[in-house]
Structure formats: C-alpha cells, structure tokens
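Me: I'd like to learn how to read a fold from a model like this. Can you walk me through it, one feature at a time?

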Amino acid sequence: MQVGPVYHTGFTVSDIERSIVFYRDVLGLKLIKRQTGTAPYLATVTGFAGVRLEAAFLQPAAGGSVLELLQYVSHPASATDRATNRPGNAHLCFKIDDLRSACAELKRRGVTLISEPTEITAGAHAGGWAVYLRDPDGFTVELYQSPSASPADAAAAASGAAHRG
C-alpha cells in the first residue's frame, strides 16, 4: 500500500465558532465549507450512535491540506492533556515568512505562545526559526520560518536574540 498526500488534519474542538474565529481571523486561514453531520455513516465511522457533528473546513490562502474542525454536539467530552510529550498528541505546523512580526501580532491578540521565536540550530531545519503556540482548545500549533524565507528578518531576529542574551 502507498498513501497519497495529506488530505486534511482534523481537530475536535469544544466551540466551533471560537475555533473558526481563531483559525480564520487570527491565523488567516480561509473558511471553505461549513456543515452539520448527522448521516448514519458518521455513527459508523466515529463509533458514536446517533452522532451530530458541526464541521468547518479551513485552508491556508496559499493552498495545501485542509484543517477540519469538528465539534461533537451530541457526544461532548472533556479535553485531553495537551502536553506535547504525551503520546497521542500532535501538532500542526504552518510555514510563515516573518515569524517575529507574526508573534508580535499574536501576542497583541492574546494568543498564548509557548516561547519566543527560537532559532533552529541543529538538524534538517537548522537556520530556520520556530515557535509553538496554543489554539483556544490548547492544541499546539507551530509556526516555522525556513532559513531562506527572509534573510533580512533572520538577521533581525538574530540581532534581537543577541541583544536579549
């Protein structure tokens, strides 16, 4: 068997409206579809008899795979522990051109950052920059600036790090 490209990533959320606002209005994804799911096949696929789901599908403006947000209206449950070291947890990573500016904007909007933008100093992505942040349900979202994204911004970020250090 050989699978194809990632079609979508799904997050179960507690409040779909709040999550749409975050991914659309804060991160800039495009809302491409909304729907309510009650079809019998969904009970089979999810394992929840009589399930009712609210779903939203979002995509980065530049294209790529889709983010599916699901709210279990009929079978709500409490959140799982979101610590990134917990087996079973995952994160979603978006490429970005100007990480420092994005992080400043996110802070102004009240988004919780796990750290300041950090230079990647080893491995396959050395020379790039990354930061983890949390969405409204505590999911980890990573923003990644590749080494070639913006040399001027990378130099500015390095200069800022040197002044803080």
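Reply: Sure. Keep in mind that this is a predicted model. Start with the inventory: the chain has four helices and eight strands. From the N terminus on, they run β-α-β-α-β-β-β-α-β-β-β-α.

Me: And how much of the chain is buried?

Reply: Of the 165 residues, 34% are buried. The accessible surface comes to about 9800 Å², and carbon and sulfur atoms hold 55% of that. As for contacts with a separation of 6 or more, 53% are between residues 24 or more positions apart.

Me: Let's do sheets. What is the strand order in the open sheet of four strands?

Reply: General idea to begin with: strands of a sheet pair through backbone hydrogen bonds, and they do so parallel or antiparallel. In this case the order is S5-S8-S7-S6, and the pairing is mixed. The edges are S5 (91-95) and S6 (118-119), each of which pairs on one side only.

Me: How many bridges join S5 to S8, and do those strands run parallel or antiparallel?

Reply: Five bridges, and the two strands run parallel. S8 covers residues 140-145. To find the register by eye, look for His91, whose bridge partner in S8 is Thr140. Further along, Phe94 stands opposite Leu143 of S8.

Me: Which side chains of S5 are buried?

Reply: In a regular strand, side chains alternate between the two faces of the sheet. S5 shows that alternation: Leu92 and Phe94 point to one face and are buried. His91, Cys93 and Lys95 point to the other face and are not buried.

Me: Which helix lies across S7 and S8?

Reply: That's H3, residues 99-108. Relative to S7 (129-134), H3 runs at about 20°.

Me: Now a helix on its own. Which residues of H1 are buried?

Reply: H1 spans residues 16-26, and its buried residues are Ile16, Ser19, Ile20, Phe22 and Tyr23. They sit on the same side of H1 because they cover an arc of only 160° around the axis.

Me: What do those buried residues pack against?

Reply: A whole set of strands: S1 (8-12), S2 (30-37), S3 (53-59), S4 (66-72), S7 and S8.

Me: Last one: which residue caps the N-terminal end of H1?

Reply: Asp15 does, with a side-chain oxygen 3.1 Å from the backbone nitrogen of Glu17. Check the other end too: just after H1, Gly28 takes a positive phi of about 85°.

Technical notes:
Residues numbered from 1 in each chain as written. Predicted model: local features only at pLDDT ≥ 70, side-chain atom pairs only at ≥ 80, totals over all residues. Heavy atoms only, no water. Pairing = 2+ DSSP bridges. Contact = heavy atoms within 4.5 Å. Axes fitted to C-alpha atoms, helices over the stretch in contact; angles between N-to-C directions. Buried < 20%, exposed > 50% of the residue type's maximum accessible area, 1.4 Å probe, protein only. Areas by Shrake-Rupley, 256 points an atom, 1.4 Å probe, with all protein chains shown as cover. Arc of directions from axis to C-beta. Polar contact = N/O pair within 3.5 Å; in protein donor to acceptor, adjacent residues only side chain to side chain.
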